[in-house]
Amino acid sequence: MIRADRSRCCGAGMCVLIDPNIFTQDQGGLVVIDQAEAHTADPALLQHAVGCCPGQALRIDDPVSKTCSATQRE
């Protein structure tokens, strides 16, 4: 799942340029993510958006690795 820390978003819109079906901006210019679209997106495209974000506001959470980490701790 891709997430946005809107407090870090600078409104540059790079993510919107990468895929306007996944990323839009609200009236204040901050990123809004369509999770349904992101769920079916190419993971490489999402990673590209994360890498291009000048405010480092985007991140990808990997639920698989979190599950494995929780299992390893038990």
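Buried residues account for 28% of the 74 residues in the protein chain. The structure is a predicted model. The accessible surface of the protein chain amounts to about 5000 Å², and carbon and sulfur atoms contribute 53% of that surface. Four helices and four strands were assigned in the protein chain, and along the sequence they follow the pattern β-α-β-β-α-α-β-α. Of the contacts between residues at least 6 apart in sequence, 54% join residues at least 24 apart.

The largest nonpolar core holds 16 residues. Ile-2, Ile-22, Phe-23, Val-31, Ile-33, Leu-46 and Leu-58 touch the most other members of this core. Two or more residues are given to the core by each of helix H1 (14–18), strand S3 (31–33) and helix H3 (43–52). The most comes from H3, which gives three residues.

Two of these core residues were examined through their contacts. With residues up to four places away in sequence left out, Ile-33 touches Ile-2, Arg-3, Ala-4, Ile-22, Phe-23, Ala-38 and Leu-58. Leu-46 lies in helix H3. Leu-46 has a relative accessibility of 9% and therefore counts as buried, the cut-off being under 20%. Apart from its neighbours within four places in sequence, Leu-46 is in contact with Ile-2, Ile-22, Phe-23, Ala-38, Ala-41 and Ile-60. Ile-2 is thus a contact of Ile-33 and also of Leu-46. The C-alpha atoms of Leu-46 and Ile-2 are 7.3 Å apart in space, although 44 residues separate Leu-46 from Ile-2 in sequence.

Leu-46 and Ile-2 also appear in the lining of the largest pocket. This pocket has a volume of about 190 Å³. Its lining consists of Met-1, Ile-2, Gln-35, Ala-38, His-39, Ala-41, Pro-43, Leu-46 and Ile-60. Helix H2 (35–39) and H3 are the elements that give two or more residues to the lining, and the largest share, three residues, comes from H2. By class, the lining of the largest pocket has seven nonpolar residues, two polar residues and no charged residues. Among the lining residues, Ile-2, Ala-38, Ala-41 and Ile-60 are also in contact with Leu-46.

Enclosed space was examined next. Rolling a probe the size of a water molecule over the atoms shows where empty space is left. One cavity of 30 Å³ or more is present in the structure. The largest cavity contains about 120 Å³ of space. Its lining is made up of 14 residues, and Cys-9, Ala-12, Gly-13, Cys-15 and Cys-53 are those that lie nearest the centre of the cavity. The lining of the largest cavity divides into 10 nonpolar and four polar residues, with no charged residues. The linings of the largest pocket and of the largest cavity therefore both lack charged residues under the residue classes used.

Cys-15, one of the residues nearest the centre of the largest cavity, was also considered together with Gly-51. Gly-51 is placed in helix H3. Gly-51 has a relative accessibility of 64% and so counts as exposed, for which the cut-off is over 50%. Gly-51 and Cys-15 are 36 residues apart in sequence, and their C-alpha atoms are 9.6 Å apart in space.

Two loop residues complete the description. Arg-8 lies in the loop between strand S1 (2–4) and H1. The relative accessibility of Arg-8 is 43%, so this residue counts as partly exposed. Not counting residues up to four places away in sequence, Arg-8 touches Gly-55, Gln-56 and Ala-57. The C-alpha atoms of Arg-8 and Leu-58 are separated by 8.7 Å, with these positions 50 residues apart along the chain.

Gln-56, one of the residues touched by Arg-8, is in the loop between H3 and strand S4 (58–60). Gln-56 is exposed because its relative accessible area is 57%. The phi angle of Gln-56 is near 50 degrees, a positive value in a residue other than glycine. Most residues other than glycine have a negative phi.

Technical notes: Residues are numbered from 1 along each chain as its sequence is written. This is a predicted model: local features need pLDDT of at least 70, side-chain atom pairs count only at pLDDT 80 or more; totals for chains, interfaces and linings use all residues. Side-chain values use heavy atoms; hydrogens and water are left out. A nonpolar core is a set of buried Ala, Val, Leu, Ile, Met, Phe, Trp, Tyr and Cys residues joined through side-chain atoms within 4.5 Å. Buried means under 20% relative accessible area, exposed over 50%, partly exposed in between (1.4 Å probe, protein chains only). Contact means heavy atoms within 4.5 Å. Accessible areas come from the Shrake-Rupley method with a 1.4 Å probe; for residues, only the protein chains shown count as cover. On a 1 Å grid over the protein atoms alone, a cavity is a set of points where a 1.4 Å probe fits but cannot get out, and a pocket is an open set with protein on both sides within 12 Å along at least five of seven lines; lining residues have an atom within 4 Å of a point. Grid points are joined across faces, edges and corners, and a volume is the space filled by probe spheres set on the points.
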